[in-house]
Amino acid sequence: MMNAHIVVSQVNKVFQTAEREVVALKDINLEIPQGQFVCLLGPSGCGKSTLLNAVAGFAPPSSGSITADGKLVTAPGPERGMVFQEYALFPWMTVADNVAFGLQIKGQRREQIDTTVDKLLTMLSLQDFRNRYPKDLSGGMRQRVAIARVLALDSPIMLMDEPFGALDALTRRNLQDELLRIWAELKKTIIFVTHSIEEAIYLADRIVVMTYRPGTVKRDLLVELPRLRDPAAAEFNALKRELGQLVMEEQQRHHRDELRLAAVD
Ligand SMILES: Nc1ncnc2c1ncn2[C@@H]1O[C@H](COP(=O)(O)OP(=O)(O)OP(=O)(O)O)[C@@H](O)[C@H]1O
């Protein structure tokens, strides 16, 4: 596909530690069209964050290439916004100032910044919290601020590393619904890392299951269920079982690997 929004081509990533070499990514090829919601799924250690960080431009691949909008990724860029699991807010700034920060850096005019900030605070139900500081917010609220901050930059691509991992189930579902609504409205391309099978099926157009060491693509499938999806539906559960089997195989590899390493120590 020539006009894919993100193209990951023959990407490998090797970490060299004192004791050994870890092949975190091996022969990864992905073409992600504009507007697709992709979940990277797999157990701990299978290279999901490594792949996301490579697309973000934080840590380049050892070999292979990544392009976004046809341009080679060599560093972080404004067209790729990143949301981390840790909320990464400035503690000394209010909610509104945190959201405005990136726009100030860009040198936008005050009125324009205020308009954008108001719109985003409304979109994420944060209007009543605009003058609060991060420490006075719940985890869910903080993550809303982190999402608003990335949305302020209006990047066509959003990269999300387990953004809801630390939240309780209800808050998590709430933010998932919010994210789906925003995604449908703004038509962003999203790469979302999770180790939750249910979260991946609930959110994604496409799920890429990864293997553990080396990190390769084990399964790349489209989720055709209509939204909003019902986790209690039979099709949802059939997919959950299928993916559960795949993820479990990799988890067992992880476990065996740890036992083997413990035996060597
Ligand atoms: N800086 C590093 N140096 C050495 N090894 C690393 C480094 N970063 C990651 N790794 C290894 O690369 C592999 C992939 O790690 P990565 O963090 O991408 O996995 P992950 O799927 O995102 O897991 P998690 O869900 O725990 O974050 C792991 O085996 C990890 O130990």
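Angles under 35 degrees count as roughly parallel, over 145 as roughly antiparallel, 65 to 115 as roughly perpendicular and the rest as oblique. That cut-off serves the first two views below. The model shown is predicted.

**View 1. Helices H2 and H3 cross at roughly 135°.** Helix H2 covers residues 95–105, and helix H3 covers residues 110–123. Their axes come within 10 Å. The two helices are therefore oblique to each other. H2 passes H3 in a right-handed crossing. On the H2 side, the contact is made by Ala96, Val99, Ala100, Leu103 and Gln104. On the H3 side, Ile113, Thr116, Val117, Leu120 and Leu121 take part. By class, eight residues of this contact are nonpolar and two are polar. No charged residue belongs to the contact of H2 with H3.

**View 2. Helices H4 and H5 cross at roughly 15°.** H4 runs over residues 139–152 and H5 over residues 169–186. The axes of H4 and H5 come within 10 Å. Angles under 35 degrees count as roughly parallel, so H4 and H5 are roughly parallel to each other. Their crossing is right-handed. H4 contributes Gly140, Gln143, Arg144 and Leu151 to the contact. H5 contributes Thr171, Asn174, Leu175 and Ile182. By class, the contact of H4 with H5 has three nonpolar, four polar and one charged residues.

**View 3. Helix H5 ends just before Lys187, which takes a positive phi.** H5 has 18 residues. From its first C-alpha to its last, H5 reaches 25 Å. That is close to the 26 Å expected at 1.5 Å a residue. Just after H5, Lys187 has a phi of about 55°. The value is positive, and Lys187 is a residue other than glycine. Most residues other than glycine have a negative phi. Lys187 sits in the loop between H5 and strand S8 (189–194). Lys187 counts as exposed, because it has 10 C-beta neighbours inside 10 Å.

**View 4. Gln10 in strand S1 has a positive phi.** Strand S1 spans residues 6–16, with Gln10 in it. Phi of Gln10 is about 50°, although Gln10 is not a glycine. Is Gln10 buried or exposed? With 12 C-beta neighbours inside 10 Å, Gln10 counts as exposed.

**View 5. Met123 of helix H3 is shown with Ala148.** Met123 lies in helix H3. Met123 and Ala148 are 25 residues apart in sequence. In space, Met123 and Ala148 are 8.4 Å apart, C-alpha to C-alpha. Met123 has 18 other C-beta atoms within 10 Å, so Met123 is partly exposed.

**View 6. Helix H7 spans residues 234–264.** H7 has 31 residues. At 1.5 Å a residue, H7 should span 45 Å. Its end C-alpha atoms are 45 Å apart, which agrees. Which residues of H7 are buried? They are Leu239, Leu243, Val247 and Glu250. What covers the buried residues of H7 includes strand S3 (37–41), helix H6 (197–203) and strand S9 (206–210).

**View 7. Val247 is a buried residue of helix H7.** Val247 lies in H7. Why is Val247 buried? Val247 has 22 other C-beta atoms within 10 Å, and a residue is buried if 20 or more lie there. Not counting residues up to four places away in sequence, Val247 touches Leu41, Gly42, Pro43, Ile197 and Val209. Val247 and Ile182 are 65 residues apart in sequence. Their C-alpha atoms are 29 Å apart in space.

**View 8. Cis peptide bonds join Arg213 to Pro214 and Arg227 to Leu228.** Most peptide bonds are trans. The bond between Arg213 and Pro214 is cis, with omega about 0°. Pro214 lies in the loop between S9 and strand S10 (217–222). The bond from Arg227 to Leu228 is cis as well, and its omega is near -5°. Leu228 belongs to the loop between S10 and H7.

Note on methods:
Residues are numbered from 1 along each chain as its sequence is written. This is a predicted model: local features need pLDDT of at least 70, side-chain atom pairs count only at pLDDT 80 or more; totals for chains, interfaces and linings use all residues. Axes are lines fitted to C-alpha atoms, for helices over the stretch in contact, and angles run from 0 to 180 degrees between N-to-C directions. Helices (H or I, at least four residues) and strands (E, at least two) are DSSP runs, numbered from the N terminus. A crossing is left-handed if the near helix is turned anticlockwise from the far one by less than a right angle, and right-handed if clockwise. Two residues are in contact if their C-beta atoms, placed from the backbone, lie within 7 Å. Ala, Val, Leu, Ile, Met, Phe, Trp, Tyr, Cys and Pro count as nonpolar, Asp, Glu, Lys and Arg as charged, and the others, Gly among them, as polar. The expected span of a helix is 1.5 Å times one less than its number of residues.
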